[in-house]
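This briefing looks at how the helices of a small set of residues come together. Keep the sequence and the 3D view open while reading.

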Amino acid sequence: MKNEIVTKMSPEGLEIANNYLELGNIQAVCARMRLDENTVQDYLGKREIKAYIDQVYLDTGYITYFAIYRTNL
């Protein structure tokens, strides 16, 4: 895959990112993973985690992104 972007992130960061993608909001991630909101926000604020989430949205298409965004307003 020539367009594949490889980034290094911690397993914890990947788990938080995947839960965020699945659940769509920080409070739900905190409840599921039993973490405080500051910890989750710190992980989601990291450059490599943001890049991963953005890439997932790009790979699944903008329609999915906007559908998810509308449900979380």
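In this predicted model, L21 is in contact with Y52, I53, V56 and Y57, leaving aside its neighbours within four places in sequence. L21 also belongs to the largest nonpolar core, and the points below go through that core, then L44, then one pair of helices.

**The core**
- Twelve residues make up the largest nonpolar core: I16, A17, L21, I26, V29, C30, V40, Y43, L44, I49, I53 and Y57.
- Four elements each give two or more residues to this core, namely α1 (11-23), α2 (26-33), α3 (37-44) and α4 (47-60).

**L44**
- Helix α3 is the place of L44.
- L44 counts as buried because its relative accessibility is 12%, and the cut-off for buried is under 20%.
- Not counting residues up to four places away in sequence, L44 touches I16, A17, Y20, I26, I49, K50 and I53.
- L44 and L14 are 30 residues apart along the chain, and 9.6 Å separates their C-alpha atoms.

**Helices α2 and α3**
- Two packed helices are described by the angle between their axes and the distance between those axes.
- For α2 and α3 the angle is about 115° and the axes are 9 Å apart.
- The crossing of these two helices, α2 and α3, is right-handed.
- On the α2 side the contact involves I26, Q27, V29 and C30, which meet E37, V40, Q41 and L44 in α3.
- The residues of this contact between α2 and α3 are five nonpolar, two polar and one charged.

Technical notes
Residues are numbered from 1 along each chain as its sequence is written. This is a predicted model: local features need pLDDT of at least 70, side-chain atom pairs count only at pLDDT 80 or more; totals for chains, interfaces and linings use all residues. Side-chain values use heavy atoms; hydrogens and water are left out. A nonpolar core is a set of buried Ala, Val, Leu, Ile, Met, Phe, Trp, Tyr and Cys residues joined through side-chain atoms within 4.5 Å. Buried means under 20% relative accessible area, exposed over 50%, partly exposed in between (1.4 Å probe, protein chains only). Contact means heavy atoms within 4.5 Å. Axes are lines fitted to C-alpha atoms, for helices over the stretch in contact, and angles run from 0 to 180 degrees between N-to-C directions. A crossing is left-handed if the near helix is turned anticlockwise from the far one by less than a right angle, and right-handed if clockwise. Ala, Val, Leu, Ile, Met, Phe, Trp, Tyr, Cys and Pro count as nonpolar, Asp, Glu, Lys and Arg as charged, and the others, Gly among them, as polar.
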